[in-house]
Amino acid sequence: MKKVLGALLLGATIVSAFIAYSMYTNHSAKQTAAIEQKQAAKKVEKKTEKKKKPVPKVEDLTYQLKDSRTGQVMKEFKPVHYKDKDVYDQEIKQLASELAKGIDTPMQNIKIDENGSLTGGSKQIILKEAELVKNLQNLNTKQLDVKVPIYETAPNVTAASAQGIADVSLASYSTRFRPSDTSRNRNVQLSAEAINNVVLGPGDSFSYNQTVGERTAERGYQPAPEIINKQLVMGIGGGICQTSSTLFNAIDGAGLQVTARSHHSKHVGYVPAGRDATVSWGGPDFKFTNNKDYPVIIKAYANVNTGVLTVDVRTSQRSI
């Protein structure tokens, strides 16, 4: 009897253990399945989120236009018309032009004073519009900083390079005017004084309007006849085109590079046809560059008694 009870008890124990193991195994399997199910659900959610997350577009972003010299932000720009090439190109060209107007500064050339010392002069500052337009045409969604290409060029003249600069004449040109035209002659004289003793180093540029400045009564310029639309009319500063035209012929004879020149609307009597250079404040300008590998100096003399205006382009003996 004891043996039978022992066997039954052992069997019950085994059955209980099996049932407990089975329950544990089933529970663990369910837990594992639940965990795997949750992980799978999370993966699906992540994939869904990735699909739903919007892809950034150039036209939706805001870009920082930064000064290439300092890194400072000049303007914020949103390219809303980026996909419409014609409209966008027109927009960014206008933007580049507007920015350049506030940046571009002509070179103020160095002069030699009465003591033979260099004086004045300031650097040329230019925003390269075409380069900025190209940068704006190639925007991407990863780089939101856009370089605004601004370049500075200082006058290329030193005291050493200017030594003896007036020793030799490269070219000289003279024109005549009537000594009796006192108002006009005064304008010629003032403009000649403005360009006298200007020194240009290799590569330096010259602007007649920038050098002479605005022609106003406050600066001593007088009313005198000037050509406008093929007509002679009275205007403050009439006669200064004789100075610019005389200068053109002198620098052309010296072989310097003319970069901007316009003709009068009718023939002028002080230079041969086609050899003039008309100028107007806010309008046509006469510009050239010293394309030599040595500095040159402009000498200008207006003798109001004899009625002769002479412009002489000179350099040092060692330079030629």
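Me: What makes the charged end of Arg261 sit over the ring of Phe248?
Reply: This is a predicted model, by the way. The charged end of Arg261 is 3.9 Å from the centre of the Phe248 ring. The label asks for CZ of Arg within 6 Å of the ring centre and within 35 degrees of the ring normal. The distance fits that cut-off, and the charge is listed as sitting over the ring. Lys128 does likewise with Tyr151, at 4.6 Å from the ring centre.

Me: How do you know that Phe248 is buried?
Reply: Its relative accessible area is 3%. Buried means under 20%, so Phe248 qualifies.

Me: Why is the pair of Phe248 and Phe286 called edge-to-face?
Reply: The ring centres are 6.0 Å apart, and the cut-off for a pair is within 6.5 Å, so these two rings pair. Their planes stand at 90°, and edge-to-face needs over 60, so the name follows. Phe286 counts as buried too, at 0% relative accessibility.

Me: What makes this a link between distant parts of the chain?
Reply: Phe248 sits in helix α6 (residues 240-254), while Phe286 is in the loop between β13 (257-260) and β14 (287-289). That puts them 38 residues apart. Both belong to one aromatic cluster, together with Phe206 and Phe288.

Me: How many aromatic pairs does a search of the whole structure find?
Reply: Five. One of them joins Tyr82 and Tyr88, with ring centres 5.2 Å apart and planes at 75°. Edge-to-face starts over 60, so this pair gets that name. Tyr88 has 2% relative accessibility, so it is buried under the 20% cut-off.

Me: Why are β4 and β8 called edge strands?
Reply: Each of them pairs on one side only. They sit at the two ends of the order β4-β3-β9-β15-β16-β8, in an open sheet of six strands with antiparallel pairing.

Me: How do you know that β3 and β9 pair?
Reply: Pairing takes at least two bridges. Two bridges join β3 (residues 110-112) to β9 (residues 198-200), so the condition is met. Ile110 stands opposite Val199 in β9.

Me: Which helix packs on the sheet, touching β3 and β9?
Reply: Helix α4 (residues 182-195), which also touches β15 (296-303) and β16 (308-315). The direction of α4 makes about 160° with that of β15. Helix α6 lies across β8, β15 and β16, at about 150° to β8.

Me: What makes the phi of Asn197 worth a look?
Reply: It is near 70°, a positive value in a residue other than glycine. Most residues other than glycine have a negative phi. Asn197 lies in the loop between α4 and β9. At 15% relative accessibility it is under the 20% cut-off, so it counts as buried.

Me: Why is Phe177 called buried?
Reply: A relative accessible area of 7% is under 20%, so buried is the right word. Phe177 lies in the loop between β8 and α4, and the residues it touches include Arg184, Val188, Gln242 and Leu309.

Note on methods. Residues numbered from 1 in each chain as written. Predicted model: local features only at pLDDT ≥ 70, side-chain atom pairs only at ≥ 80, totals over all residues. Heavy atoms only, no water. Phe/Tyr/Trp six-rings, centres within 6.5 Å; stacked < 30°, edge-to-face > 60°. Buried < 20%, exposed > 50% of the residue type's maximum accessible area, 1.4 Å probe, protein only. Helix = DSSP H or I, 4+ residues; strand = E, 2+ residues; numbered from the N terminus. Contact = heavy atoms within 4.5 Å. Axes fitted to C-alpha atoms, helices over the stretch in contact; angles between N-to-C directions. Lists of a residue's contacts leave out its neighbours within four places in sequence.
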